[in-house]
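Me: I am new to this structure and would be grateful for a close look at a single part of it, the place where the two chains meet. Please treat the matter as one connected account.

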Amino acid sequence: MNYTVVNREVQIGDIYLTAVTSSSIFLIGDADVIQLASAFDTPPESLIVGPFVPLTPKGS
Amino acid sequence: MKRLSVVQLLNSKTFLLSSVLQIGDSREINARSNVLAVQRQYELFYGSEGEVVFPVFTKPIPTLDVPMSVQTYRLHESPVISVRSIYLIAASTASVVHIGSTSTVKGETRIKHIRQLAESTTFREASIRMTKDG
């Protein structure tokens with residue numbers, strides 16, 4: 001399979017960004033391959049109601 | 001050949017937690033971050049916490065294979081990517097702000113977020129609820 005890309009003139013004005021976080025990339029330029037993945041674990045069970053016991057204490 | 005990146009003005013405030021501002025070309029970027037975020041209703045931290053590994057930090061994340069059968073031809077009619085200005089407040093947690101071209105970018109972030117609240121005074125017996133995966 002052949003795939004042809006023609007990049008004509010690119011002129012950007014002003015970019016306003018608040019934040020780039022968590023292994024993400026803000027790229028002005030070319031790249032061959034970009035592979036990004038993320039796992040975010042905050043299920044409802046992550047909400048613990050009770051006395052403030054340590055999380056995964058030593059020896060458990 | 002890669003294009004030339006021209007940025008006339010970059011105004012950024014903060015780069016923290018292993019984030020990178022790269023001006024110029026690069027070949028390979030590998031950005032990884034593991035975050036254990038614990039929010040408690042009261043200020044309290046036991047020193048030996050988070051030493052047991054949570055599954056979210058060890059489970060493999062499947063990646064999409066890049067099919068080599070696709071022959072890609074890039075024609076740069078204009079060899080320049082031009083940006084007048086960038087206003088960026090912050091880059092954080094192994095992120096990359098890159099002015100210039102690169103070849104391979106791999107990024108992975110794993111976040112475990114736990115909130116701990118004080119129990120209500122009426123149900124003092126039913127105290128702790130912890131998940132199977134920790």
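Reply: In this predicted model, A:I34 stands opposite B:V105, a residue of β7(B). That pair belongs to a longer parallel pairing, in which strand β4 of chain A (residues 33-41) is joined to β7(B) by 9 bridges. Within β7(B), B:T109 is the bridge partner of A:S38. A second strand of chain A also meets β7(B): strand β5 of chain A, residues 47-49, pairs with β7(B) in the parallel sense over 3 bridges. There, A:V49 has B:L117 of β7(B) as its bridge partner. β7(B) has a partner within its own chain as well, since β3(B) and β7(B) are paired in the parallel sense over 13 bridges. One pair of residues in these strands is B:A37 and B:H113, the latter in β7(B), which stand opposite each other.

The contact between the chains may now be considered as a whole. Chain A contributes 57 residues to the contact and chain B contributes 78 residues. On the side of chain B that touches chain A, at least two residues come from each of β1 (4-15), β3 (28-40), β4 (71-76), β5 (80-91), β6 (96-99) and β7 (104-117) of chain B. The largest share of that side, 14 residues, is supplied by β7(B). By character, the residues on the side of chain B that touches chain A comprise 33 nonpolar, 28 polar and 17 charged.

Two open sheets also contain strands of both chains. One of them has 3 strands, in the order β2(A)-β5(B)-β1(B), with parallel pairing. Its edges are β2 of chain A (10-20) and β1 of chain B; each has a single partner strand, so one side of each is left without a neighbour in the sheet. From one strand to the next, the twist in this sheet averages 10°. The parallel pairing of β2(A) with β5(B) is made through 9 bridges. Among the residues involved, A:I12 has B:V83 in β5(B) as its bridge partner.

The other open sheet, again of 3 strands in parallel pairing, follows the order β3(A)-β6(B)-β2(B). Here β3 of chain A (25-28) and β2 of chain B (20-23) stand at the edges, and since each has a single partner strand, one side of each is left without a neighbour in the sheet. Direction ignored, neighbouring strands of this sheet are turned by 5° against each other on average. Inside chain B, the strands β2(B) and β6(B) run parallel and are joined by 4 bridges. B:V20 has its bridge partner, B:V96, in β6(B).

B:V96 leads from the sheet to the nonpolar core. Leaving aside residues up to four places away in sequence, B:V96 touches A:I25 of chain A, together with B:S19, B:V20, B:Q22, B:I29 and B:A31. The largest nonpolar core has 15 residues, and those touching the most other members are A:I25, B:I29, B:V96 and B:V97. At least two residues of this core come from each of β3 of chain A and β3, β5 and β6 of chain B. The greatest contribution to the core, 4 residues, is that of β5(B). As a general background, nonpolar side chains tend to be buried together in soluble globular proteins.

A:S23 offers a further view of how the chains come together. This residue is situated in the loop between β2 and β3 of chain A. Is A:S23 buried or exposed? A:S23 has 26 other C-beta atoms within 10 Å; a residue counts as buried at 20 or more, so A:S23 is buried. Not counting residues up to four places away in sequence, A:S23 touches A:L36 and A:S38 in chain A, and in chain B it touches B:A31, B:R32, B:S33, B:T93, B:A94, B:S95, B:G107, B:E108 and B:T109. A:L36 lies 13 residues from A:S23 along the chain, and their C-alpha atoms are separated by 7.8 Å. One of the residues touched by A:S23 is A:S38, and A:S38 is in turn the bridge partner of B:T109 in β7(B).

The confidence of the prediction remains to be stated. Chain B has a mean pLDDT of 87, with 88% of its residues reaching 70 or more. For the model, ipTM is 0.81 and pTM is 0.81.

Notes: Residues are numbered from 1 along each chain as its sequence is written. Chains are lettered from A and ligands numbered from 1 in the order in which they are written. This is a predicted model: local features need pLDDT of at least 70, side-chain atom pairs count only at pLDDT 80 or more; totals for chains, interfaces and linings use all residues. Two residues are in contact if their C-beta atoms, placed from the backbone, lie within 7 Å. Ala, Val, Leu, Ile, Met, Phe, Trp, Tyr, Cys and Pro count as nonpolar, Asp, Glu, Lys and Arg as charged, and the others, Gly among them, as polar. Two strands pair if DSSP finds at least two bridges between them. Axes are lines fitted to C-alpha atoms, for helices over the stretch in contact, and angles run from 0 to 180 degrees between N-to-C directions. pLDDT is the predictor's confidence in each residue, from 0 to 100. A residue is buried if 20 or more other C-beta atoms lie within 10 Å of its own, exposed if 12 or fewer, and partly exposed in between; C-beta atoms are placed from the backbone. A nonpolar core is a set of buried Ala, Val, Leu, Ile, Met, Phe, Trp, Tyr and Cys residues joined through C-beta atoms within 7 Å.
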